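Here are a few questions from a first-year student, with worked replies. Look at the sequence and the model before reading on.

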Amino acid sequence: MAYPKIYTSESVSEGHPDKLADQISDALLDECLRQDPMARAAIETFLAHGVAIVAGEVSLEGYVDVAGIVRRAIKDVGYVDAKLGFDGDTCGVMVSIQEQSADIAMGVNTGGAGDQGMMFGMATNETPELMPLPISIAHALMAQAASVRKDKPSLGFRPDAKAQVSVVYEGNVPKRIDTIVVSQQHEPGLTQEEIHARIQKNIVAPVLARYGGFVDGPIIYHLNPTGNFVIGGPRGDTGLTGRKIIVDTYGGMCPHGGGAFSGKDPTKVDRSAAYMARHVAKCIVAAGLASKAQVALAYAIGVAQPVSINVETFGTETMDPQEIEKRVRAAFDLSPSGITKHLDLRRPIYFPTAKNGHFGNSSFPWESTAAAEQLK
């Protein structure tokens, strides 16, 4: 019997200041791509008490109402009242955007990668969406928190929230949920007992009903463990695009090259190659070549083809690992232009990725496993 270990992953709500910054950056990217599918963008957002600062590089044929999109994104997650410490109608919006560097554009225009770096993707058969169980449950908790907050305002929930889930594994197999942590921002005046009961009933219980197969024995709960969570969002903590890259990916169950996703067009392999690595890993598992796969890609700026491709299957493979890698190389064009074409990435599809992670959502094109047939 394999020695049991506990693996932990976290997620944050759409109202968390870092996630809100991601959503603003991706809302702006989507508008750039609506105006011009060939737009180049690298947009960063910084949020603090009463102010949103947008900076970066954008090259496109068209016009984007930056301030208007920023305000809509802020209000969309519920920051609509100064009593919350942040209000999309009244906050300041500062903009510092310039065109993409000609030196970078020179390499990208010939089909090369927009930057150097390494990107990782993984898939595992422990959940239907082929994601690690801890991050899937954590994302589900935060999606439920956002949904119930909007459907039941009488609960007194506010937009900011975080979740963390610990799962006991034996070898590569998840066995049971060990610990759940939820911190939910709330209106003043609620007692600890009231907020604990509301979180348990309205956020935790509906999610556990979906993961009942992993409820085996008592679960340790830490619900609003500091005792009070009234001040949150950009009033309580600054927000910055790209600061939740582990939340965005696999919850620490897979390496990360360090590059963020939000606000970047598909010439930036930080984003597009990470999506492709996930797509390839998922196709490997869906094709039955392994029950767990990790794909690592690396690029040099201005160079089209990756400088390295590595496929790791952790001993779960059903054929020679070298044969799997050979099939991957033959089946997929891993250049930036090949990735963009295969996944159809020059569309305004990015705003939803900035909520509840970039992987595991079947509506995202990189989650398709239709190409798994090419690997068989």
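What follows is a short exchange about the core, the cysteines and one sheet.

The model is predicted, so local features need pLDDT of at least 70 and side-chain atom pairs count only at pLDDT 80 or more, while totals for chains, interfaces and linings use all residues. Residues are numbered from 1 along each chain as its sequence is written, and side-chain values use heavy atoms, with hydrogens and water left out.

Reader: Which helix gives the largest share of the largest nonpolar core?

Author: A nonpolar core is a set of buried Ala, Val, Leu, Ile, Met, Phe, Trp, Tyr and Cys residues joined through side-chain atoms within 4.5 Å. Buried means under 20% relative accessible area, with a 1.4 Å probe and protein chains only. The largest such core has 103 residues, with I284 among those that have the most contacts inside it. Its largest share, 11 residues, comes from a helix (a DSSP run of H or I, at least four residues, numbered from the N terminus) spanning residues 269–286, namely α8.

Reader: Why is C283 in no disulfide, and how far is its sulfur from the closest cysteine sulfur?

Author: A disulfide is counted when two cysteine sulfur atoms lie within 2.5 Å. The structure holds zero disulfides. C283 is buried, at 0% relative accessibility. The closest cysteine sulfur, in C254, is too far for a bond because the distance is 16 Å.

Reader: Which residue is the bridge partner of V182 in β10?

Author: Strands (DSSP runs of E, at least two residues) pair if DSSP finds at least two bridges between them. Strand β9 runs parallel to β10, and four bridges join them. In β10, V182 has as its bridge partner L223.

Terms used. Buried < 20%, exposed > 50% of the residue type's maximum accessible area, 1.4 Å probe, protein only.
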